[in-house]
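Good morning, and thank you for the invitation to speak. I should like to guide you through one protein model, element by element.

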Amino acid sequence: MGMNKRCLWQWIDDNFNRFDEDRIKEIGPNLACAEWLMKNGAQVRWKGCKEFVSHYDCLPSVTSSNPGQFLIEQVHAGKEASISHIGFSYFENCKNISDIEFVGCNTIDNEALNKLNILKDYLTNLKINGCLNVSDQGIMSLEQLKALKYLELKNLQFLIKPEAAIGHLKTKLPECNIQYNE
């Protein structure tokens with residue numbers, strides 16, 4: 001029973017993360033991305049706003065007068081979020097995303113971190129805390145994020161010595177302030 005239930009949830013997660021190019025054409029990259037994030041339990045903060053928006057119903061309706069008005073600046077995915085690398089293509093053309101936090105989000109894995117390179121020219125702040133499916137392989141792939149100014153790594157599983165991975169990143173991202181603790 002346990003395995004079937006797991007497969008069902010995996011199928012639902014995969015389905016909810018499926019990339020829909022037509023939706024992007026219809027409502028634009030930022031709203032389509034926000035829709036994907038919220039559908040999967042993550043939150044967004046629009047550029048020019050202080051508050052995070054987490055509920056699907058709070059998404060602005062798109063009219064021809066305002067499609068470019070809503071630009072995602074910050075993304076927060078916590079324990080309740082089920083975003084996965086399958087949907088990361090939604091980040092394409094979301095050029096205002098500068099800040100992402102993954103906190104206890106177990107659908108975030110090494111493959112997801114590797115796919116963050118979609119945001120390599122824009123992402124300046126990244127926090128990864130307590131994501132059980134992230135290891136040093138994923139951490140090392142963050143070297144692609146050339147715009148990164150602040151990186152916070154907490155409560156992660158390292159397969160090799162953390163110092164090696166962190167040292168590698170410090171070499172590759174000299175402009176980035178890297179905070180690490182176990």
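I shall begin with confidence, then turn to the sheet, the helices packed on it, the aromatic rings, and finally some single residues.

What you see is a predicted model. The mean pLDDT of the chain is 87, and 85% of its residues reach 70 or more. Where is confidence lowest, and where is it highest? Helix 1, residues 2-17, has the lowest mean, at 62, while strand 3 has the highest, at 98. As a general caution, predicted coordinates should not be read in detail where pLDDT is low.

Let us now consider the sheet. It is an open sheet of 6 strands, in the order 1-2-3-4-5-6, with mixed pairing. Its edges are strand 1, residues 43-46, and strand 6, residues 177-181, each of which pairs on one side only. On average, neighbouring strands of this sheet are turned by 5 degrees against each other, direction ignored.

We may follow the pairing from one edge inwards. Strands 1 and 2 are antiparallel to each other, with 4 bridges between them. In that pairing, Trp-46 has Ile-72 of strand 2 as its bridge partner. Strand 2 and strand 3 are joined by 4 bridges as well, but in the parallel sense. Here Ala-77 stands opposite Phe-102 in strand 3. Strand 3 then pairs with strand 4, residues 125-129, in the parallel sense over 5 bridges. Ile-100 has its bridge partner in strand 4, namely Leu-126.

How many residues of strand 2 are buried? The count is 6 of 6, so strand 2 is largely enclosed by the rest of the structure.

Next come two helices that pack on this sheet. Helix 3 touches strand 1 and strand 2, and its direction makes about 150 degrees with that of strand 1. Helix 6, residues 162-172, touches strand 5 and strand 6, and its direction makes about 170 degrees with that of strand 6.

Helix 3 deserves a further look. This helix spans residues 29-39 and is mostly covered, with 9 of its 11 residues buried. Among the buried ones are Asn-30, Cys-33 and Trp-36. After the helix comes Gly-41, which has a positive phi, near 80 degrees.

Trp-36 brings us to the aromatic rings. A pair of such rings is described by the distance of the centres and the angle of the planes. The model has 7 aromatic pairs. In one of them, Trp-36 and Phe-91 meet edge-to-face, with 5.4 Å from centre to centre and 80 degrees between the planes. This pair links distant parts of the chain: Trp-36 belongs to helix 3, whereas Phe-91 lies in the loop between strand 2 and strand 3, 55 residues away. Trp-36 counts as buried because its relative accessibility is 2%, which falls under the 20% limit. Phe-91 is buried too, with a relative accessible area of 1%.

Phe-91 also pairs with Phe-88. Their ring centres are 5.0 Å apart and their planes stand at 75 degrees; planes over 60 degrees apart count as edge-to-face, so this pair is edge-to-face. Phe-88 and Phe-91 are both buried. One aromatic cluster takes in Phe-19, Trp-36, Phe-88, Tyr-90, Phe-91 and Phe-102.

I turn now to the cysteines. Cys-94 is placed in the loop between strand 2, residues 72-77, and strand 3, residues 99-103. Is Cys-94 buried or exposed? Its relative accessibility is 0%, so Cys-94 counts as buried. Leaving out residues up to four places away in sequence, Cys-94 touches Pro-29, Asn-30, Cys-33, Leu-119 and Tyr-122. Leu-119 is 25 residues from Cys-94 in sequence, yet the two C-alpha atoms are 7.9 Å apart in space.

Although Cys-94 touches Cys-33, the structure holds 0 disulfides. In general, a disulfide is a covalent bond between the sulfur atoms of two cysteines. As for other cysteines, Cys-49 is partly exposed at 35% relative accessibility, and Cys-176 is buried at 9%.

My last residue is Ser-135, in the loop between strand 4 and helix 5. Ser-135 has a relative accessible area of 9% and is therefore buried. Beyond its neighbours within four places in sequence, Ser-135 is in contact with Asn-110, Gln-157 and Leu-159.

Thank you for your attention.

Terms used:
Residues are numbered from 1 along each chain as its sequence is written. This is a predicted model: local features need pLDDT of at least 70, side-chain atom pairs count only at pLDDT 80 or more; totals for chains, interfaces and linings use all residues. Side-chain values use heavy atoms; hydrogens and water are left out. Helices (H or I, at least four residues) and strands (E, at least two) are DSSP runs, numbered from the N terminus. Buried means under 20% relative accessible area, exposed over 50%, partly exposed in between (1.4 Å probe, protein chains only). Contact means heavy atoms within 4.5 Å. A disulfide is a pair of cysteine sulfur atoms within 2.5 Å. pLDDT is the predictor's confidence in each residue, from 0 to 100. Two strands pair if DSSP finds at least two bridges between them. Axes are lines fitted to C-alpha atoms, for helices over the stretch in contact, and angles run from 0 to 180 degrees between N-to-C directions. Rings of Phe, Tyr and Trp (its six-membered ring) pair if their centres lie within 6.5 Å; planes under 30 degrees apart count as stacked, over 60 as edge-to-face and the rest as tilted.
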